[in-house]
Amino acid sequence: MGKDIIYKIITSIKNGDENKKRRVKIKSTNITNNIIKILLQEGFIKDVRKNHISNKTKLLILTLRHKTKNNKNTINFKNISRPGLQIYSNYKQIPRVLGGLGILIISTSLGLMTDKEARRRRIGGEILCYIW
């Protein structure tokens with residue numbers, strides 16, 4: 001699995017959020033679709049729309065949540081597994097991000113999921129990244 005893709009996705013979302021952009025375009029692949037679905041469910045992005053440029057190129061257009069004066073939170077992340085170093089964990093030892101305030105994306109035999117869902121299903125896997 002390409003961890004560099006995960007880093008590029010989250011970095012482009014973070015940069016768009018910091019530069020107060022309303023929309024961010026990301027190339028659509030299976031892994032990007034799964035990660036974006038998790039971010040949409042957890043409330044880190046507002047909306048997702050598919051855009052077809054040609055038969056081969058498909059884009060996802062993400063609508064970001066805007067910062068307000070009272071809420072200056074940006075998306076922060078830490079990439080855990082890299083192409084040269086994979087970190088695995090069973091469901092009992094999956095770490096909590098900021099005491100449960102953030103999420104952890106884990107790659108399991110059932111696909112990508114959050115740490116909460118992996119604990120609920122009692123399945124471990126490769127820890128990809130922390131997002132808070």
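Hi everyone, here is a short tour of the cores, one strand and one helix residue in this structure.

A word on the source: this is a predicted model, where local features need pLDDT of at least 70, side-chain atom pairs count only at pLDDT 80 or more, and totals for chains, interfaces and linings use all residues. Residues are numbered from 1 along each chain as its sequence is written, and side-chain values use heavy atoms, leaving out hydrogens and water.

Let's start inside. A nonpolar core here is a set of buried Ala, Val, Leu, Ile, Met, Phe, Trp, Tyr and Cys residues joined through side-chain atoms within 4.5 Å; buried is under 20% relative accessible area, exposed over 50%, and partly exposed in between, with a 1.4 Å probe and protein chains only. The largest core has 24 residues, and I13, I35, I36, L39, I105 and I131 touch the most other members. Helix α2 gives the largest share, five residues. There is also a second, separate core of nine residues, including I80, V97, I106 and M113.

Now strand β1, residues 23-27. Helices (H or I, at least four residues) and strands (E, at least two) are DSSP runs, numbered from the N terminus. V24 and I26 make up the covered face of β1, while R23, K25 and K27 lie on the uncovered one. In a regular strand the side chains alternate between the two faces of the sheet.

Finally, is D115 in helix α3 buried or exposed? D115 counts as buried because its relative accessible area is 2%. Its contacts (heavy atoms within 4.5 Å) include I94, P95 and R96.

Notes. Lists of a residue's contacts leave out its neighbours within four places in sequence.
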